[in-house]
Amino acid sequence: MPFALLKYALSREHPDDPHFRWKPDLKKTYDVIIIGAGGHGLAAAYHLAKDHGITNIAVLEKGWLAGGNTARNTTIVRANYLTPEGVAFYKESVELFRTLSNELDINVMYSERGHFTLAHTDAAMRTARWRAEVNKHMGVNSEVIDAAEVKRICPTMNVTDEARYPVLGALYHPPGAIARHDAVAWGYAKEAMKRGVEVHTQTEVKKILIENGRAIGVETNRGVIHAAKVMQAVAGSSSHVARMAGLKLPIKTIPLQACVSEPVKPILDQIVVSGSLHVYISQSARGEMVMGGATDAYGLYSSRSTLDFKESLMGHMLELFPFMGELRILRQWAGMADMTPDFSPVMGLTPVENYYIDAGWGTWGFKATPVCGKRMAECVATGRQPDLLKPFALSRFNTFDLVGEKGAASVGH
Amino acid sequence: MKILNCPLNGPRNISEFVWGGEMKAMPDPATATDAQWTEYLFLEDNTAGEITEWWLHAPTNYWFIARRNTITDEILETMTYDAFLARQQANASGEAEPAAKPATGGTETGATSA
């Protein structure tokens, strides 16, 4: 190893292939166009190339690679949802995440921490019990534990009854994990591009071309390109892009704010979430406390910061973790979240033939990146809705068959 | 702190209010088709730009109308529902200026473009 290093130190050649094999020019036609080069779009491109042998793909991105909500989430991965449909879906995602570093040949720093959903009321304890039973039935490791057990596993937490909302217990989900979000997207981009997929950034879709009720291509700021199939994966701008295809979505765009503290030595192993207090927190590999809360109180297309968010977040956070009183905030940001009426995503076929949608990812998109990519690729390749995605079809709103995940999907309730 | 000007209670901290979402016309429940009812219940314009929306002042349980820009987060004006209806009627009858001014508050900017 030292000799190899020395050899490369003296050589003009870079030892590794470049991560991303960019192609400068757009072709006139592709088999598949994917709008949006975030984690989901790139994962779909990767699985189309690897599992289905479709490599003539263009992933079009208005901004830069994985610069939207893929870069703005708080990286939590878990499967402890409420509905059997949701649990089955996210369970497959957790399984894919576990081997993702090997699959993509990049270290996504997947780190299983254990995940608490704290309960401060009897109603929250009932929901925790409900989720634990559904989870266990579906083969997902979740358990309801009392406050003493919470304290034993996470000694830094304040579970005394001196808090305004004392901790009564928690839904404990040992497989809950965090990962390095950028690496996930870069890994998918790298491996997709290695197989011939083209990723074009700074390429904005202006129009979706539809002929006789079927999508045939897109018009971009760099010209018209045709494709047999078009898929959109553009969290935050879903309504805008879908409107170009003549679709109206069950989505409100609402900002979700988050922040990190300055880095400190490891002190918090677990991921701690409280729906009642509207807070969640975990410590990243480099020591920053990663914190977030509920979505904003009203819809907005902006990533501005508000004092309200920090005030309510910190007030509750200090009750749970009094030691954080000395910590300073390092960075704050926001992403635009697609909120659906049932807190579940929208995936699969649309009324427009050959046009596929991946949207409605609200505050729960990152954890689904691998499974969504895999199953959306299957959907696009076969033109059929995979079984796992059937409950999440856009058509569920026409049949009033919603997948209510409000009790498990976010802390904003 | 962001201030919302309630037509009933005057300027208050926006944390006292609950967002009711973008305004949409309700179809007649007796005659509406399933598709129309689905659209009314679930589908959203989700406009980026100026919208007319519902707000609730929670402590007084008072619903009213606001116009807001969803890109700049600027509240353009607030008005009672009656004032909103009067303006709609005035616009429908072809008048250039709205017949009813907002009950209280709001800026005058863009008041003719509702």
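Which residue takes a positive phi in the hairpin of E10(A) and E11(A)? Asn212 of chain A does, at a phi near 50°. Two residues sit between the strands of that hairpin. This is a predicted model, so keep that in mind throughout.

Let me stay with the hairpin for a moment. Strand E10 of chain A covers residues 205–211, and strand E11 of chain A covers residues 214–220. They pair in the antiparallel sense, over six bridges. To get your bearings, find A:Ile210. Opposite A:Ile210, in E11(A), stands A:Ala215.

Now the helices. Start from H2 of chain A, residues 39–52. Take its packing with H10 of chain A, residues 369–382. The angle is about 55°, and the axes are 7 Å apart. That makes H2(A) oblique to H10(A). The crossing is right-handed. On the H2(A) side, the contact includes A:His40, A:His47, A:Asp51 and A:His52. On the H10(A) side, A:Cys372, A:Lys374, A:Met376 and A:Val380 are among the residues in contact. By class, this contact has ten nonpolar, six polar and two charged residues.

H2(A) also packs with H7 of chain A, residues 181–194. Here the angle is about 35°, with the axes 8 Å apart. This crossing is left-handed. From H2(A) come A:Gly39, A:Leu42, A:Ala43, A:Ala45, A:Tyr46 and A:Ala49. H7(A) answers with A:Val184, A:Ala185, A:Tyr188, A:Ala189, A:Glu191 and A:Ala192. The classes are ten nonpolar, one polar and one charged. A:Gly39, A:Ala43 and A:Tyr46 appear in this contact, and they appear in the H10(A) contact too.

Next, the two chains together. Chain A gives 20 residues to the contact, and chain B gives 14. Where on chain A should you look? Helix H8 (238–244), strand E13 (252–261) and helix H9 (307–320) each give two or more residues to the side that touches chain B. That side of chain A divides into ten nonpolar, six polar and four charged residues.

Last, confidence. The model scores ipTM 0.88 and pTM 0.92. For chain B, the mean pLDDT is 86. In that chain, 82% of residues reach 70 or more. Which stretch of chain B stays under 50? Residues 98–114 do. The model still has 42 contacts for that stretch beyond four places in sequence. Where pLDDT is low, predicted coordinates should not be read in detail.

Definitions and conventions:
Residues are numbered from 1 along each chain as its sequence is written. Chains are lettered from A and ligands numbered from 1 in the order in which they are written. This is a predicted model: local features need pLDDT of at least 70, side-chain atom pairs count only at pLDDT 80 or more; totals for chains, interfaces and linings use all residues. Axes are lines fitted to C-alpha atoms, for helices over the stretch in contact, and angles run from 0 to 180 degrees between N-to-C directions. Helices (H or I, at least four residues) and strands (E, at least two) are DSSP runs, numbered from the N terminus. Angles under 35 degrees count as roughly parallel, over 145 as roughly antiparallel, 65 to 115 as roughly perpendicular and the rest as oblique. A crossing is left-handed if the near helix is turned anticlockwise from the far one by less than a right angle, and right-handed if clockwise. Two residues are in contact if their C-beta atoms, placed from the backbone, lie within 7 Å. Ala, Val, Leu, Ile, Met, Phe, Trp, Tyr, Cys and Pro count as nonpolar, Asp, Glu, Lys and Arg as charged, and the others, Gly among them, as polar. pLDDT is the predictor's confidence in each residue, from 0 to 100. Two strands pair if DSSP finds at least two bridges between them.
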